[in-house]
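Work through these exercises with the model in view. Try each task before reading its solution.

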Amino acid sequence: MKKRIALLLAILIIGLMFAACKTAEAGKKDTLYMSLRFNPTSFHPIDYAAESEHYVSQAIYMMLTYTTLEGAETKSDACERWDVNDDASVYTFYLKRGITFHNGEELKASDVVYSVNTAANTPANMAWGSAVDKAEAIDEYTVKVTLKYPHAAFLTVSRIYLLHEKTTEAAGESYRDNPVGCGPYKLVSYEPSHQIILKAYDGYKGTKPDYENIVYKIIPEASTALMSIEAGELDFLNADAFGMLDSIKDKKELEILVYDNTGADYVIMDNTVPPFDDLNVRLAINYAIDGERCCEVQAEGYAKPSTTVLTKMTFGFPESLKGYPYDTEKAKEYLAKAGYPNGEGFPELVIMTATMYSKYATVIQSNLADIGIKSEIQQAEMSAFVTQLLQGDVPFGIVGMGMGADASNYADVVGTGGGLNIAKYSNPKVDELFTQGKQEKDPAKRKQIYEELFTLVEQDAPYGLMSNQALLYVVRSDIDFSYAFSNRCMPYVAPQDIRRK
């Protein structure tokens, strides 16, 4: 009898323990709440130009390869391995078997060929896409990409999101709102100006993400976003809230992270239209810009004035370049050379920008006034402003860009016909040096080439240099973001890299 009672007690204890475990498991947080500053314009990789698209895309899609922060390592969730021939002109990729898209179809070499060709022919990828000669399927799981010329940094600079050919082609324009990737999360719903909901894909073949659901809250106002994370409504905040940090800096449940040198913020000048087709005008505006003041008002001094269009995290950053020191008198001298003494006869400018850069705009407006140039500020929501930029409708304005871990990517920004060359700048010698830099395998020689290249760019002053980007993140301290901030090159945290503590 005693043995039966003991056995029943043991069973009861085990049952209680199992129930407790199930309760603890059920109570485990399975949803991450992350902020976005503005609406994405599309979920199709060919359209990506702003940060909201990149944040979400890293969760929905796999990339053929990706590079860790500062180009330290090239990785792939899709490939078992890859081979590169001796002169870096042929890249062969061996796919993992059993990877499926969110519609259940298996990833095949034909899909990768389609993805490579789609990406390579996207204007914003001109810097590396122009190097692609052909992509071909060797068998169902092997793809060979042949380049027109050797490109030593091809794996570092290429951005190839894997698309399901049949679905993408069948959907046409509607694909922009109905993406089908093979990444760890799939799109559940999107309510513009409100939220985007993603759910973990059960068929994902990579490392399972720690969180089942991702909710991106679209919060344009930094103060509103900050209040939301203080109230426990967000786990991750990406906002321009530098001037509001005093309210949270002593809160143990929150952690403040600031990253600089992930991009640069510029004044756009359309080099093909008057008065910006005059080098003297472009130099005048550069010397008129108070970079220190720009950093102070936009990022509370966390950022630093730019010395070139590149950022310091980029391979090939030219250390010798000093940029354009803030010098109002020198700016006036160049303006006089252009035929506008003290700004006389200079047309009134419209400073076009997104709302998030409004503080910059006030500084630039003041700087221009100091040399006799009148201006007004015209602001738009980010997605609308990006559309204007890509259509070439911004003759003068303010924008921020980050181009990854290798200087060759900046062919998109200052190369003739580059997809993000919104200054419409062109210099044949610069284009020639970009080609040389891509083909050179010796790192020291590549750096020398880029030193010469960006010295030429500085002399031509196609953009007005303001500030290195400083990105502010506020995160909950009970969640581990360390891997997420180091694993991928672009400063867009991928939710699959966020870990439980």
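**Exercise 1. Overall form**

What radius of gyration does the protein have, and what would a compact globule with 501 residues have?

Solution. This is a predicted model. Start with the expectation: for 501 residues, a compact globule would come near 23 Å. Next, take the value for the protein, which is 25 Å. The two agree. Now add the extents: the C-alpha trace spans about 110 × 60 × 45 Å along its principal axes. Then count the elements: there are 15 helices and 18 strands.

**Exercise 2. Inside and outside**

Find what share of the residues is buried, and how much surface the protein exposes.

Solution. Buried residues make up 55% of the 501. The exposed surface is about 21,200 Å². Carbon and sulfur atoms supply 50% of that surface. Turn to the contacts with a separation of 6 or more: residues 24 or more positions apart account for 69% of them.

**Exercise 3. Helix H11**

Check the length of helix H11, then find which side of it is covered.

Solution. Step one: H11 runs over residues 358–370, which makes 13 residues. Step two: at 1.5 Å a residue, counting one less than the number of residues, the helix should span 18 Å. Step three: its end C-alpha atoms are 19 Å apart, so the span agrees. Step four: list the buried residues, which are Tyr360, Ala361, Val363, Ile364, Asn367 and Leu368. Step five: these cover an arc of only 165 degrees around the axis, so they sit on the same side of H11. Step six: look just after the helix, where Gly372 takes a positive phi of about 90 degrees.

**Exercise 4. Cores**

Which residues have the most contacts inside the largest nonpolar core?

Solution. The largest core has 76 residues. Those with the most contacts inside it are Tyr266, Ile364, Phe385, Phe396, Tyr410, Phe434 and Phe454. Ile364 is also one of the buried residues of H11. Now follow Phe396, leaving aside neighbours within four places in sequence: its contacts include Val267, Phe276, Ile285, Val350 and Leu368. Apart from this core lies another, of 70 residues, among them Leu32, Ala109, Val112 and Tyr473.

**Exercise 5. Phe236**

Is Phe236 buried or exposed? Then find its contacts.

Solution. Phe236 belongs to strand S11, residues 236–238. Its relative accessible area is 0%. The cut-off for buried is under 20%, so Phe236 is buried. Beyond four places in sequence, its contacts include Tyr33, Tyr55, Ile229, Tyr473, Phe481 and Val493. Compare Asp277: 41 residues separate it from Phe236 along the chain, and their C-alpha atoms are 43 Å apart.

**Exercise 6. Unusual backbone**

Locate a cis peptide bond and two positive phi values outside glycine.

Solution. Begin with the background: most residues other than glycine have a negative phi, and most peptide bonds are trans. A cis bond joins Pro274 and Pro275, with omega about 0 degrees. Pro275 is in the loop between strand S12 and helix H8. Next comes Asn342, with a positive phi of about 55 degrees. Asn342 sits in the loop between helix H10 and strand S13. Its relative accessible area is 53%, so Asn342 is exposed. Last comes Lys424, whose positive phi is near 55 degrees. Lys424 lies in the loop between helices H13 and H14. With a relative accessible area of 35%, Lys424 is partly exposed.

Technical notes:
Residues are numbered from 1 along each chain as its sequence is written. This is a predicted model: local features need pLDDT of at least 70, side-chain atom pairs count only at pLDDT 80 or more; totals for chains, interfaces and linings use all residues. Side-chain values use heavy atoms; hydrogens and water are left out. Helices (H or I, at least four residues) and strands (E, at least two) are DSSP runs, numbered from the N terminus. Buried means under 20% relative accessible area, exposed over 50%, partly exposed in between (1.4 Å probe, protein chains only). The arc is that of the directions from the helix axis to the C-beta atoms. The radius of gyration is taken over C-alpha atoms; the globule rule is 2.2 Å times the number of residues to the power 0.38. Contact means heavy atoms within 4.5 Å. Accessible areas come from the Shrake-Rupley method with a 1.4 Å probe; for residues, only the protein chains shown count as cover. A nonpolar core is a set of buried Ala, Val, Leu, Ile, Met, Phe, Trp, Tyr and Cys residues joined through side-chain atoms within 4.5 Å.
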